[in-house]
Amino acid sequence: MTPKEVIKFAKDNRAERVDLKFTDLLGQWQHFGIPLSELTEEAFEEGIGFDGSSIRGWQSIEASDMLVVPDPTTAVMDPFQEIPTLSLICNIVDPVTREHYSRDPRYVAQKAEAYLIASGMGEVAYFGPEPEFFVFDDIRFGQAENYGFFYIDSVEGFWNTGKEEKPNLGYKPRYKEGYFPVPPIDSLQKLRAEMVKTMEKVGIQVEKEHHEVATAGQGEIDMRFDSLTRMADKLMWYKYIVKNVARRHNKTATFMPKPLFGDNGSGMHTHQSVWKAGRPLFAGDEYAGLSDFALYYIGGILAHAPALCAFVAPTTNSYKRLTPGFEAPVNLAYSSRNRSAGVRIPMYSPSPKAKRIEVRFPDPLCNGYLAFSAMLMAGLDGVANKLHPGDPLDKDIYALEPEELANIPSVPGSLQEALQALKEDHEFLMKGDVFTEDLIETWIKYKTEKEINPIRLRPIPWEFALYYDG
């Protein structure tokens, strides 16, 4: 839509307010509202001012003035507001220079798409993430100088088989058996169906939904693939909708990768492919029906995986999921069908148009704009430098002998290791000025000071079980 068409669309839908949404550096939606009367055609060019110093990882207070510039192509009606509200996703612009803000994640994604075209290697990169999440009935947590705890509860939690529920009906998925019995064991089918219906209202095409492996309400809703920036926009809507539909039913949803001990965590397997002139560049006559282009792309992903983890598995909790010896895809190998590899080639369809790769170590707490852009840049670096990934690994990785497993590299063991890898390996991200030194330095500093150091300083409950009586 054009700005004029957006204003007409809002009036046709009797909108009274406009919600202006944008994404902070860490990947959370921020917003503010204006009356519809304030949304003029000029606002789509001139922007609307706000305080950038209050946004995580953005401006310092002496240079706080920023502009949001609405993108008219993102206009939809917000499905959760009682007062009819038009929603617009915005880009961020410096009011003095009128340049796009380098730490705006959406601008990074747009630059990544522009770099792909400018490189001549392709014209469009498609991404299809599979974000997993938990829906709980209760979450409490707290930590101070003299205590620390978290408490999770779910009517589905298998730990509740003995709870007095007046009556307890007993239909609770066993640990690691949530994939995927029918109701009444799957008690959240109606809730996920409502999430899907809401996603469709904002233009997201959904391919399927289901319960996931873990007990206690783990689920997944799969969106149809789309181009990089559009898919990152849809991922923001996805998280917003999942959380708000859950809240509507007095439940709470989380994309935290590893909220439960002893059961599966939540990943975000990310399908991706590159096309040029209407032709899929990943299809060919090599292993698993791949082209050399696709193999080199995989080579780039695997070569830069430790640095990529700083953006695709970007929290300390991510590495509670990415633990060697368990089911998470920590091994930096590729394979067709084998889900224990870090990169998998899905074999569902023989069509060249369906040929893609699936990167399995990302998780849904990532900032989609940055994560998708980083993976594209790593893959393209592999293509540019012909980084062949070596032989595929078609064995069960978890059944390998220790001497065989020792030759397979793995993802970093902690966020600190991932950030160190990013410090040492980020030139591939800076091609075409897609990522800037300033953004990377800010990311590392923020993650270190606001996440790693605070976790480092605090004892956790299990340490008392291990050490208190020593």
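**Notebook: salt bridges, core, strands and backbone**

**Entry: Asp71 and Arg106.** I began with Asp71, which counts as buried because its relative accessibility is 13%, under the 20% cut-off. I note that the model is predicted. I then looked up Arg106, which also counts as buried, at 4% relative accessibility. The side chains of Asp71 and Arg106 meet in a salt bridge, with N and O 3.0 Å apart. Asp71 sits in the loop between β4 (65-70) and β5 (76-77) and Arg106 in helix α3, so this pair ties together parts that are 35 residues apart in sequence.

**Entry: Arg103 and Asp438.** I next examined the salt bridge between Arg103 and Asp438, whose closest N and O atoms are 2.7 Å apart. Arg103 belongs to the loop between β6 and α3 and Asp438 to helix α12 (residues 437-457), so the pair ties together parts that are 335 residues apart in sequence. I recorded Arg103 as buried, with a relative accessible area of 14%, and Asp438 as partly exposed, at 32%. I also found a network in which salt bridges with shared partners join Asp19, Lys21 and Asp78.

**Entry: Lys8 and Asp12.** For a pair within one helix I turned to Lys8 and Asp12, which form a salt bridge with the closest N and O atoms 2.8 Å apart. Both residues lie in helix α1 (residues 3-12), four residues apart, about one turn of the helix. Lys8 is exposed, with a relative accessible area of 52%, and Asp12 counts as exposed at 52% relative accessibility. I took the total from the same rule: it gives 23 salt bridges.

**Entry: Glu130.** Which side chain of opposite charge is nearest to Glu130? I found that it is Lys208, 5.1 Å away, and that Glu130 is buried yet has no salt bridge. The 5.1 Å separation exceeds the 4 Å cut-off for a salt bridge, so Lys208 does not qualify as a partner. I did find a polar contact of 2.9 Å between the side chains of Glu130 and His271. Glu130 is in strand β7 (residues 124-136). Setting aside neighbours within four places in sequence, I listed its contacts, among them Glu220, Asp222, Met268 and Glu358.

**Entry: nonpolar cores.** I looked up the largest nonpolar core, which has 125 residues; Leu39, Leu86, Phe361, Leu376 and Phe435 touch the most other members. Helix α5 (residues 228-248) supplies the largest share of this core, twelve residues. Apart from this core I noted another, of six residues, including Phe136, Ala214, Ala216 and Leu260. In soluble globular proteins, nonpolar side chains tend to be buried together. I then inspected Phe435, which touches Val108, Phe311, Leu370, Ser373, Ala374, Leu429, Met430 and Ile440, residues up to four places away in sequence not being counted.

**Entry: Ile48.** I located Ile48 in strand β3 (residues 48-51). Is Ile48 buried or exposed? At 17% relative accessibility, Ile48 counts as buried. Beyond four places in sequence, its contacts include Leu20, Phe32, Ile34 and Met66. I also recorded that the C-alpha atoms of Ile48 and Ile92 are 9.7 Å apart, with their positions 44 residues apart in sequence.

**Entry: hairpins.** I followed strands β10 (residues 206-211) and β11 (residues 218-223), which pair in the antiparallel sense over five bridges. His210 stands opposite Glu220 in β11. Six residues separate the two strands in this hairpin, where Ala216 takes a positive phi near 70 degrees. In a further hairpin, β8 and β9 have two residues between them. Strand β8 (residues 138-144) runs antiparallel to strand β9 (residues 147-153), joined by seven bridges, and Asp138 has Asp153 in β9 as its bridge partner.

**Entry: backbone exceptions.** Most residues other than glycine have a negative phi, and most peptide bonds are trans. I therefore listed residues that depart from this pattern. Arg98, not a glycine, has a positive phi of about 65 degrees; Arg98 lies in the loop between β6 (85-93) and α3 (105-119) and is partly exposed at 43% relative accessibility. Ala277 has a positive phi near 55 degrees; Ala277 lies in the loop between β14 (268-276) and β15 (279-280) and counts as exposed at 65% relative accessibility. I noted a cis peptide bond between Lys166 and Pro167, with omega about 0 degrees, and another cis peptide bond between Pro183 and Pro184, with omega about 10 degrees. Pro167 is in the loop between β9 and α4 (189-201), and Pro184 is in the loop between β9 and α4.

Notes. Residues numbered from 1 in each chain as written. Predicted model: local features only at pLDDT ≥ 70, side-chain atom pairs only at ≥ 80, totals over all residues. Heavy atoms only, no water. Core = buried A, V, L, I, M, F, W, Y, C linked by side-chain atoms within 4.5 Å. Buried < 20%, exposed > 50% of the residue type's maximum accessible area, 1.4 Å probe, protein only. Contact = heavy atoms within 4.5 Å. Pairing = 2+ DSSP bridges. Lys, Arg positive; Asp, Glu negative; His and termini not counted. Polar contact = N/O pair within 3.5 Å; in protein donor to acceptor, adjacent residues only side chain to side chain.
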